[in-house]
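Reader: I would like a close look at a single part of this protein, the place where two neighbouring helices meet towards the end of the chain. Could you set out the geometry there with care, and then place it within the rest of the model?

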Amino acid sequence: MLWGWHDLIVYTLLLVVADVLLWREWCSGVVMLTSSTMVWYLFERAGYNFLSFMANVLSLLVAILFFWAKSASLLNRSLPPLPNLEISENTVVIITDVLHQWINHTISIAHNIAIARDLKFFLKVAVSLWLVSYIGSLFEFLTLVYIGVILSLSVPVVYDKYQHFIDEKLCVTRRFIQTQYRKIDEMVLRKLPLPSNGGYPLHS
């Protein structure tokens, strides 16, 4: 099977992310952990406002670049080494593909609930959204993001080290959940009346 340039870029990005999450690249992992901790502390503990903070940081950067360029022209020094600030076409294509997949997935969920009237799928979505809402009521959004960063930097390492033991426990848990779901399906879900599509004509 031949890979295109898009597949190679995605595969390379996945390798880079895996190296960071598994702490194979210690420098990148430390930078990610330190920066996320600083951001969380500034906005959640120190009480900084995000817009004010970003405006102050950008103002400081603009002032530094301006005076650097002015002094360089007066002293015949080199100008600030700014990179070529533009988004490549490949990056736009990758982002568009990801958004396309997510939008199609969301539309398929809405179709299964509204058109197909899949009661089991509806209950799964409703319970999932309720769990997200409940967890969101316990923490601020930035705290949830910070917890996600901490988990992403710790869970893959622990799983990679104790994979066999964790897989055994996950298999036991999965069998238990499937057993309980089958019981609920047999006692409750299958006894609920499902409306048919006959009374709702479809318009093209």
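Author: What follows begins with the chain as a whole, turns to the meeting of two helices, and then takes up a few individual side chains.

The model is a predicted one, and the protein in it contains seven helices and zero strands, so that reading along the sequence gives the pattern α-α-α-α-α-α-α. Of its 204 residues, 8% are buried, and the accessible surface comes to about 17,100 Å², with 69% of that area belonging to carbon and sulfur atoms. When contacts between residues at least 6 apart in sequence are considered, 56% of them join residues at least 24 apart.

The part you ask about is formed by helix α6, which covers residues 141-161, and helix α7, which covers residues 163-187. Two packed helices are described by the angle between their axes and the distance between the axes. Here the axes come within 5 Å and cross at roughly 100 degrees, which means that α6 is roughly perpendicular to α7, since angles of 65 to 115 degrees are counted in that way. On the side of α6, the contact is made by Val 158, Tyr 159, Asp 160 and Lys 161, while α7 contributes Gln 163, Ile 166 and Asp 167. Sorted by class, these contact residues comprise three nonpolar, one polar and three charged.

Helix α6 also matters for a second site, because residues in its range appear beside a tryptophan of another helix. That tryptophan is Trp 40, which lies in helix α2 (residues 26-45), and Trp 40 counts as buried because its relative accessible area is 18%, under the 20% limit. Apart from neighbours within four places in sequence, Trp 40 is in contact with Arg 45, Leu 142, Thr 143 and Tyr 146. For one of these partners the separation along the chain can be set against the separation in space: Trp 40 and Thr 143 are 103 residues apart along the chain, yet their C-alpha atoms are separated by 6.9 Å.

The aromatic side chains can be treated in a similar manner, given that a pair of aromatic rings is described by the distance of the centres and the angle of the planes. The structure holds four aromatic pairs, among them the tilted pair of Trp 23 and Trp 26, with 5.3 Å from centre to centre and 55 degrees between the planes. Within this pair, Trp 23 is buried at a relative accessible area of 16%, whereas Trp 26 is exposed at 60%. Another of the pairs is edge-to-face and joins Phe 66 to Phe 67, with 5.4 Å from centre to centre and 80 degrees between the planes. There, Phe 66 is partly exposed at 45% relative accessibility, and Phe 67 is exposed at 55%.

A last residue belongs to the start of the chain: Val 17 is found in helix α1 (residues 5-21) and is partly exposed, with a relative accessible area of 44%. The C-alpha atoms of Val 17 and Gly 29, which are twelve residues apart along the chain, are separated by 9.9 Å.

Technical notes
Residues are numbered from 1 along each chain as its sequence is written. This is a predicted model: local features need pLDDT of at least 70, side-chain atom pairs count only at pLDDT 80 or more; totals for chains, interfaces and linings use all residues. Side-chain values use heavy atoms; hydrogens and water are left out. Axes are lines fitted to C-alpha atoms, for helices over the stretch in contact, and angles run from 0 to 180 degrees between N-to-C directions. Helices (H or I, at least four residues) and strands (E, at least two) are DSSP runs, numbered from the N terminus. Angles under 35 degrees count as roughly parallel, over 145 as roughly antiparallel, 65 to 115 as roughly perpendicular and the rest as oblique. Contact means heavy atoms within 4.5 Å. Ala, Val, Leu, Ile, Met, Phe, Trp, Tyr, Cys and Pro count as nonpolar, Asp, Glu, Lys and Arg as charged, and the others, Gly among them, as polar. Buried means under 20% relative accessible area, exposed over 50%, partly exposed in between (1.4 Å probe, protein chains only). Accessible areas come from the Shrake-Rupley method with a 1.4 Å probe; for residues, only the protein chains shown count as cover. Rings of Phe, Tyr and Trp (its six-membered ring) pair if their centres lie within 6.5 Å; planes under 30 degrees apart count as stacked, over 60 as edge-to-face and the rest as tilted.
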